[in-house]
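Subject: Structure for your review

Dear colleague,

Here is the structure I said I would pass on. My notes on the pockets, the disulfide and the cores follow it.

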Amino acid sequence: MNVAAPGSSALPGATEDLAQDGVRITAISGWSRHETPPVISAEFEVANRESEPFTYTITFDALSGSGAVLENTKQTVPAVGPGQTVKRTVRLNGSSPDLRGDKGRVRIAKVRRVPSAEAPTENGPCPSSGVRLTVDDGDAAMGLRVVGLHLTNCGTRAYRLDGFPLLQLLDEDRKPVPAVKVFKGSGGIATMPDFDAPARPVVLEPGQTANTALMWRNTTDTSGAPVNIPYVRVRAKPGAGPIMVTPELDLGTTGKLAVSPWKKDPPR
């Protein structure tokens with residue numbers, strides 16, 4: 001299906017590509033071939049039908065006429081209030097010969113949304129907790145997955161950690177997943193010295209950082225259905241406020257997740 005000429009609001013693509021979980025593409029401006037690489041703009045809206053504010057992170061794909069993914073990009077829309085609809089624009093690049101004939105299109109690849117009170121904050125004012133918690137892109141090799149959690153003391157006082165973070169695993173609807181065993185240490189998943197190092201007290205002065213990591217395998221067998229966990233609610237220590245991150249745990253049928261102890265980062 002061809003994308004409309006620049007300036008048109010026609011919407012090429014399947015319905016499921018254009019609307020997902022309260023997010024809807026409302027207009028596509030068409031490829032601008034005057035830019036290198038060509039750029040396509042899509043207008044979209046986010047409608048929060050819940051009873052509390054949510055922060056949305058949407059992954060968009062730019063597709064060629066044949067359906068190949070040319071680029072994907074994430075856009076975060078923070079603190080959409082209950083009953084509120086917010087409009088935004090996303091720009092994506094492409095580098096396919098298909099674009100010369102205006103045959104590209106945009107789709108919503110994935111939507112993740114977390115309660116705004118639990119959303120991680122990489123920038124802006126320091127949260128009232130005095131710390132920021134973020135998740136990295138992780139690493140994967142031969143079915144073994146490792147993703148890091150990073151804690152920064154952005155406050156004015158020392159922040160103390162001791163042991164392991166507290167984790168709650170959540171499904172697509174942000175409901176608890178009880179069938180997965182969380183191990184403190186490697187849990188036999190793989191030999192990783194950082195995971196089986198003894199837990200020690202950590203004191204973060206303002207500006208200092210610490211890290212922990214999650215490890216799993218995505219192995220599947222005939223013992224059951226694969227388990228995918230998009231959300232993890234993290235408390236840095238007992239009594240700490242929760243932060244909900246999206247590490248996208250594809251646990252296969254293993255039913256196991258390992259967590260390493262907090263470790264202070266070396267000075268920069």
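In the second largest pocket, β8 provides the largest share of the lining, three residues. Please keep in mind throughout that this is a predicted model. The elements that give two or more residues to the lining of this second largest pocket are β8 and β17 (231-235). Its lining comprises 20 residues, and P127, S129, V131, P242 and I243 lie nearest the centre. By class, 13 of the lining residues are nonpolar, five are polar and two are charged. The volume of the second largest pocket comes to about 310 Å³.

The largest pocket has a volume of about 780 Å³. It is lined by 32 residues, of which T57, K74, V135, D137 and T246 are the closest to its centre. At least two lining residues come from each of β4 (54-63), β5 (69-80), β7, β8, β9 (139-141), β10 and β18 (243-245). The lining of the largest pocket divides into 13 nonpolar, eight polar and eleven charged residues.

Next, the cysteines. How many disulfides does a search of the whole structure find? The search finds one. C126 and C154 form the disulfide, with their sulfur atoms 2.0 Å apart. The link of C126 and C154 is right-handed, with 70° about the S-S bond. C126 sits in the loop between β7 (105-115) and β8 (131-135), while C154 sits in the loop between β10 (144-153) and β11 (159-162), so the disulfide ties together parts that are 28 residues apart in sequence. Both cysteines fall between the cut-offs for buried (under 20%) and exposed (over 50%). C126 has a relative accessible area of 31%, so it counts as partly exposed. C154 is also partly exposed, because its relative accessible area is 26%.

Last, the interior. The largest nonpolar core has 28 residues, and those that touch the most other members are L151, Y159, L161, L169, L214, L249 and L257. Leaving out residues up to four places away in sequence, L151 touches V131, R132, L133, Y159, L161, L204, Q208, T209, A210, A236 and W262. Another core, of 21 residues, lies apart from the largest one; V23, F54, Y56 and I108 are among its members.

V131 turns up twice in these notes: L151 touches V131, and V131 is one of the residues nearest the centre of the second largest pocket.

Regards

Notes: Residues are numbered from 1 along each chain as its sequence is written. This is a predicted model: local features need pLDDT of at least 70, side-chain atom pairs count only at pLDDT 80 or more; totals for chains, interfaces and linings use all residues. Side-chain values use heavy atoms; hydrogens and water are left out. A nonpolar core is a set of buried Ala, Val, Leu, Ile, Met, Phe, Trp, Tyr and Cys residues joined through side-chain atoms within 4.5 Å. Buried means under 20% relative accessible area, exposed over 50%, partly exposed in between (1.4 Å probe, protein chains only). Contact means heavy atoms within 4.5 Å. A disulfide is a pair of cysteine sulfur atoms within 2.5 Å. Helices (H or I, at least four residues) and strands (E, at least two) are DSSP runs, numbered from the N terminus. On a 1 Å grid over the protein atoms alone, a cavity is a set of points where a 1.4 Å probe fits but cannot get out, and a pocket is an open set with protein on both sides within 12 Å along at least five of seven lines; lining residues have an atom within 4 Å of a point. Grid points are joined across faces, edges and corners, and a volume is the space filled by probe spheres set on the points. Ala, Val, Leu, Ile, Met, Phe, Trp, Tyr, Cys and Pro count as nonpolar, Asp, Glu, Lys and Arg as charged, and the others, Gly among them, as polar.
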